[in-house]
Amino acid sequence: MSVLEPGVAAPEFTLKRGDGSDFTRADLGGAVTVLVFYPFAFSPVCTDQFNVYQEVLAELRDQGATLYGVSCDSPLAQTAFATQLGVSIEQLSDFEPKGAACDAFGVLHPGGFAQRALVVTDEDAVVRWSYQAPSPGDLPGANLLFDGVAAATGR
Amino acid sequence: MIVYGDYECPFCALTETRLVAAALRVCFRHFPVRSKHPRAWAAACAAEAAAMQDAFWPMHDALYADQGRLEDPHLWARARRLGLDLERFDADRRSDAVEDRVAADFRSGIRAGVATTPALVASGTVRMGVPDASVIAALVAGDG
């Protein structure tokens, strides 16, 4: 199993926001969205990844893209993680049924956590760009976010 | 070789000592990650402000030499010790020119695929993490 390829419509899924509300496929529509799938809140690589992505958040927003972090951690753990890092990237939880959304996007690791992967969808919720790290320990540079957003916006 | 570093990052300081010990010539670029190191940006600006008085490397060394002291009074103390014009240093480190310089370094790192510090760029390869003895030996041999 590997991450969804460009050109494929995003699957139906339900994730939980920090406030407990649902985030579904319908929330992808209307804007370019970057889903940052990551293995574990508080792990060293995920920490470095969100610290760096936070630095380019404003620039990506200027290009019309919204970033979300997605993992199988509970919303409470994700909120604590983002708060501790001082990161404002909204977190979405795939806690229950665990890994169902990750599975739908092709990024559920056999160990029961999200692969480290990036998925960019366009205004019509179609995947325009995707990337899966060679291993969960590899950190994708923020340059890839710009590549992905450029693929979705056509700029 | 280009080194992307952050003055508040302990791994960068360790890398610096290894590069210095190996007498490698480096081009230093700033990669301050603010959510991880809240004083990294200010420290980078301090180094660039010192550069405007021809004291980049002395300030660079002074910042790495004492990473526990990076608040404003500590930066002023370093500037004073290096014999800089303190008023000019303080104005420069808050100037748009210096901010832009640090931001340009950061952006160049992002474009090169730097995702964490330290990162060494040599022969077209970005290597993240503290270089071990074999990496240093390869860099010294010029085939890193």
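**Exercise 1. Helix 2 of chain B**

Find which elements the buried residues of helix 2 of chain B pack against.

*Solution.* The buried residues of helix 2 of chain B pack against strand 2, helix 3 (56–65), helix 4 (72–81), helix 5 (86–93) and helix 6 of chain B. This is a predicted model. Next, count the cover. In helix 2 of chain B, 11 of 12 residues are buried, and the helix is mostly covered. Among the buried residues are B:Trp41, B:Cys45 and B:Glu48. B:Ala40 and B:Ala50 are also buried.

**Exercise 2. A length check**

Compare the expected span of helix 2 (residues 40–51) of chain B with the distance between its end C-alpha atoms.

*Solution.* Start with the rise, 1.5 Å a residue. The expected span is 1.5 Å times one less than the number of residues. Helix 2 of chain B has 12 residues, so it should span 16 Å. Its end C-alpha atoms lie 17 Å apart, which agrees.

**Exercise 3. The surroundings of strand 4 in chain A**

Decide whether strand 4 (residues 65–71) of chain A is enclosed or open, and trace its pairing.

*Solution.* Begin with burial. Of the 7 residues of strand 4 of chain A, 5 are buried, so the rest of the structure largely encloses this strand. Now take strand 3 (residues 32–37) of chain A. Strand 3 and strand 4 of chain A pair in the parallel sense, over 6 bridges. One bridge links A:Phe37 to A:Val70 in strand 4 of chain A. Then take strand 5 (residues 90–93) of chain A. Strand 4 and strand 5 of chain A also run parallel, joined by 4 bridges. Here A:Ser71 has A:Ser93 in strand 5 of chain A as its bridge partner. Last, follow the chain. From strand 4 of chain A it passes through helix 3 (residues 75–85) of chain A to strand 5 of chain A, and this β-α-β crossover is right-handed.

**Exercise 4. Cis peptide bonds**

Locate the cis peptide bonds that lead into A:Pro97 and B:Pro118.

*Solution.* Take chain A. The bond from A:Glu96 to A:Pro97 is cis, with omega near -5 degrees. A:Pro97 sits in the loop between strand 5 and helix 4 (100–104) of chain A. Take chain B. The bond from B:Thr117 to B:Pro118 is cis, with omega near -5 degrees. B:Pro118 belongs to the loop between helix 6 (96–112) and strand 3 (119–122) of chain B.

**Exercise 5. Positive phi**

Classify the exposure of A:Phe42 and B:Ala23.

*Solution.* A:Phe42 is not a glycine, yet its phi is positive, about 75 degrees. A:Phe42 lies in the loop between strand 3 and helix 1 (44–55) of chain A. With 13 C-beta neighbours inside 10 Å, A:Phe42 counts as partly exposed. B:Ala23 has a positive phi near 55 degrees, and this residue is other than glycine. B:Ala23 is in the loop between helix 1 (10–21) and strand 2 (27–30) of chain B. Count its neighbours: 7 other C-beta atoms lie within 10 Å, so B:Ala23 is exposed.

**Exercise 6. A distant pair**

Place A:Ala58 and give its distance from A:Val8.

*Solution.* A:Ala58 is part of helix 2 (residues 57–62) of chain A. A:Ala58 has 8 other C-beta atoms within 10 Å, so it is exposed. A:Ala58 and A:Val8 are 50 residues apart in sequence. In space they are 28 Å apart, C-alpha to C-alpha.

**Exercise 7. The contact between the chains**

Describe the side of chain B that touches chain A.

*Solution.* Count residues. Chain B gives 11 residues to the contact and chain A gives 15 residues. The side of chain B divides into 5 nonpolar, 3 polar and 3 charged residues.

Note on methods:
Residues are numbered from 1 along each chain as its sequence is written. Chains are lettered from A and ligands numbered from 1 in the order in which they are written. This is a predicted model: local features need pLDDT of at least 70, side-chain atom pairs count only at pLDDT 80 or more; totals for chains, interfaces and linings use all residues. Two residues are in contact if their C-beta atoms, placed from the backbone, lie within 7 Å. Ala, Val, Leu, Ile, Met, Phe, Trp, Tyr, Cys and Pro count as nonpolar, Asp, Glu, Lys and Arg as charged, and the others, Gly among them, as polar. A residue is buried if 20 or more other C-beta atoms lie within 10 Å of its own, exposed if 12 or fewer, and partly exposed in between; C-beta atoms are placed from the backbone. Helices (H or I, at least four residues) and strands (E, at least two) are DSSP runs, numbered from the N terminus. Two strands pair if DSSP finds at least two bridges between them. A crossover is right-handed if, with the strands pointing away from the viewer, the path from the first strand over the helix to the second runs clockwise.
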